[in-house]
Amino acid sequence: MNLILIPIILPIVSALALLLISERTRWLKELLAIAASIVSLLAAANLFLLPAQTLSYAWLGGGISFTLSTDTLSAFLLLAVSLFSAAISIYSFSSPNKGSAKWFFFNLLMTQAFAAGAALSDNMVAMLFFWEGLLVFLYTFIALSQETKAAKRTAMKAFLINAVTDLCLLTGVVITGYIAGTYSMSEISHNKLTLDYGWSVFAYVLLLIGAVSKAGAFPFHTWIPDAATDSSAPFMAYVPAAIDKLLGIYFLARASVYLFTLNGTMQLVLMTLGAVTILVAVMMAFVQKDYKRLLSYHAVSQTGYMILGIGTLNPIGIAGGLFHMINHATYKSCLFMTAGSVERQAGTGDLSKLGGLFRAMPITGLCFLIAAAAISGIAPLNGFFSKELIYKGTLDTGYTWFFIAAELGSFLTLASFLKLGHSVYFGKRPEGLKDTKEAPFSMLLPMMAFAGICVAFGFGARLPVQWFISPSLEALNLQHGLLFGFHADKLYFVSVIVILAAVLNHMLGLAAGGGKADKASDHIHYAPVLKETYALAERRVFDIYELAMDKVVPPVSYALFKADRFFDWAIDTVPSGVTGLLSGASSRFHNGSYPLYMALTLAGAAVYILLVGGFK
Amino acid sequence: MDKGLLAYLLIPLFTAVLIPFIARNRPRLADIFANVTLLAGLVNLLWLALRPSVIAGGFADIPGDALSLLLVAAVYLVGLCVTFFSAYFMEEGLPNRQAYYSLILTSIAAMTGVVTTGDFFTLYVFIEVLAVTSFALITTDDSAGGIEGAIKYFFLTFPASALIMVGIAIFMISLGSLSFDSLRVYMSSDMPDGPVVFASALIMLGFLIKSGVVPFHAWTPDAYQGSYAPVSAHLAGIVTKISGVYAVVKLATLLRFFDGRAQALSELVMFLGLLSIAVGAIAALRQTSFKRMLAFSSISQVGYIVLAAGLGTPLAIMGAVFHLINHATFKTTLFLNSASLEKAAGTTDMDKLGGMEHAMPWTSWTSVIALLSTAGVPPLSGFWSKLLIILALWESGLKTYAVLALLFSIVTLAYFMIMQRKVFFGRKSPAAERSSEVSAPLLAPAVLMCGVIVALGLLFPYFYQYVKVVAERIIL
């Protein structure tokens, strides 16, 4: 078998094999899933090291062939997808609360396979096939992670939001393919489309909606915080934190740089979308009182940085966006894993009930500190470097406002992680948590690995940039200059100011909240104007899904119901009534009377002869 | 007269004469003679038509116009099913057992004569023979319903004979000949419409009355319902089709409807066909008696054949011939099964039956197959013939007719659904509790016919080839 097929076929086969294994076996399912994902990871690493390959099968005809290709960007993405799959399957080995183990690993492996397929597909139709497949497993993943009704509801919410945006993507792909005359992305890139006329703008916007919605950007993000409460920590660490971001940003980069040549307006649209996503989500994250829910808003907020980076359209910004994509997946996965560990060991994720766990869970705490520092952009961890690249790219475009918005986002990010870290790992430990112990090794291992990556990609930022980001930019046909290195320029000082401001803010909040860390955000939460806004947001007034479900869906479905009743009446009641009348009349007529029959026959014959004889 | 097929006329006639003498003291011999005669004839016909070499040759070796052979085979097939069924169905003490078989064989001989003859007078003679035997057969069991049916059949169809006689007389005067070919030649010449076309129209009217086309249909329900049970299968399955519908199809080809000759007549025939389809289907919806519903369904199905005949294009004629054969298969099955039902459950009232599939699975499922074929459900044979007819209508630009024909085919499905639910499926009725499956010999004809239905449907390409040969030879 071709090596390129292993990361796709192997997980599918293993996932199907998993279903055959009895639910009662103890380690078999876990070990099979871990083995499959590790073998896939090795294959992905091998593919990454080999020169680019292409595997093409004739499919569907008419220029639509099933083409998988490992250009450097796709190979990098495949490697990342496989890495996270392997890490999460190891982490999930002893994680509770993930629902039925069989279905969990089935969904995990299926998601891995389809994500790998989407990453490798060169043909957009093939990519859509895998992309839409992910939607199915997104639904089952959430729906089967908990037994509750809320899980089903959130699963449906995630499914519907993504189904609508995937439909946009589908339409966009069809239009793009029609305009370009081919569905092969590499062929389109030789002769990029421009946004000079309406159809191509429409196509690009549809592709954009599909991509940013997969990445979980505003306003398509609303299912993520709900999933944080209604599904499991491994799911959050895997899908919204890693896989979705990777694929969404990957395709955003492909569409924005590889397939289309964007103009200034679209650049502004993208950067605005990024900045709004950063600010709205981080404002929400800042006031959350639940470990996973807080993290989930950050998962949305960080997407804003990546979109902002890609929206700058200059190599530095795009490099920053891609670098941030992989960095974010690393530390956010790590953070969700710490959330899962804390939940497993302490039994809750409610910040007001946690505290002082650093002594009890030193490794988890340490991993949290590293990842939190990385997400807040503290030098010299990986988040710092990718954010610096994005800031630099943003400043290069000349739109200073976006830079300020991004820095403001950074400030609130750090502030909220100060609050989170303080209230979970430091301060006074509640009575109920006296006996809390460190999480098991299988959970610590991937966590430590990711924390290690955060440090390594920070101190050795040169390595990932040289190995992953530069080749990716080359795959996108971009020329670029030096992308790494530490400069103590004004950007660095701005970041130091932001850190100081966040610490000050935290102390202010602590003082205002009576020394309770989980109340450190209340001075902003309950500030005038913001208080009312937050109250509305808590009531989901800004959630397009809930809005649509409340305001649009009931009248539409009522109208459709009425239309259906009408058609029912028209095709059921009316014809049967009419035929009933007619057949009733005919049975009354056929009464067996011989003279009547004879008269009918003779009259019929007479009319017949008259007609044939030419009488009109 | 097609000399090659004369034996198929003479042998049953000979047996019919023989039976009263041979079986005088041993009535069972009558069964044996009748069945053996028909079986031998059928085997012979199958050998003629279905030898591998003939099939491989695209049926080019079929003697005559191929239509005669096909119809003789249908006559023999239905006749065999009816006699075989009767042999086990008739009560032992029935006084006129020998007469019954003689009449059946005579009617088969007459039908063979009808489909093989080449001139109008012979046609008329055989049709009258057929009518007389039918009157007698209907009253086999001396029931009041049978006698009423026979009288209605006789009185309501006698205008037909008169009209045919008048038409033949006009032919004799204006054409000087009664052969089919002289009419064909006349119609292909450039002569203006005149007495010949009028005479054809009268003859056509006679045959339309005999086919039971609306508004001349009033005798059919009573005749079919009242007649002795196996005879109703014989009558509905083949007799009225040969005595009426076959002649309509034949006349339609002779009058060259496909050339646009006798336009007014063609349109009128098509209209009557559609009217039959509609009235038959709508009237069938409300019937409560199994046999009466089948009778109205028969009117509706005859409408399809007449409609196609009125159109007269090669495709339509192919459809008409195919539907004629199909009608013989499924109507025979249904009427024989209704006889079985009557025997087992004691009634054919659909309100009293129900859940019969539990008590009589073979009868029920063969009926369901026949019903589905009648309603035109693929891949059964009835689907293909209706498809050909509707396609032919559509191709000729008669879209309204095509759509209406399709719509009423849905109504057909509707009334058969009603029948299926009321009679065969659903909760077990007291009648179903009482009754049990009839014996295997009574089932054999229905099973055989179902086999033919399924085979014709699945092997449609071969049959299509055959019907194409027919259409090529009769439309020359």
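Modeller: Axes here are lines fitted to C-alpha atoms, for helices over the stretch in contact, and angles run from 0 to 180 degrees between N-to-C directions. This is a predicted model, where local features need pLDDT of at least 70, side-chain atom pairs count only at pLDDT 80 or more, and totals for chains, interfaces and linings use all residues. Residues are numbered from 1 along each chain as its sequence is written, with chains lettered from A and ligands numbered from 1 in the order in which they are written.

Biologist: Okay, why are H13(B) and H18(B) called roughly antiparallel?

Modeller: Their angle is about 160 degrees, with the axes 12 Å apart. Angles over 145 count as roughly antiparallel (under 35 is roughly parallel, 65 to 115 roughly perpendicular, the rest oblique). So H13(B) and H18(B) earn the name roughly antiparallel.

Biologist: And what makes B:Trp384 buried?

Modeller: B:Trp384 has 24 other C-beta atoms within 10 Å. Buried takes 20 or more (exposed is 12 or fewer, partly exposed is in between, with C-beta atoms placed from the backbone). So B:Trp384 counts as buried.

Biologist: Where does B:Trp384 sit, and which residues is B:Trp384 in contact with, leaving aside neighbours within four places in sequence?

Modeller: B:Trp384 belongs to helix H17 (residues 381-395) of chain B; helices are DSSP runs (H or I, at least four residues), numbered from the N terminus. Leaving those neighbours aside, the partners are B:Phe322, B:Gly457 and B:Phe460. Contact means C-beta atoms, placed from the backbone, within 7 Å. B:Phe322 is 62 residues from B:Trp384 in sequence, yet 8.3 Å away in space, C-alpha to C-alpha.

Conventions:
Helix = DSSP H or I, 4+ residues; strand = E, 2+ residues; numbered from the N terminus. Contact = placed C-beta atoms within 7 Å.
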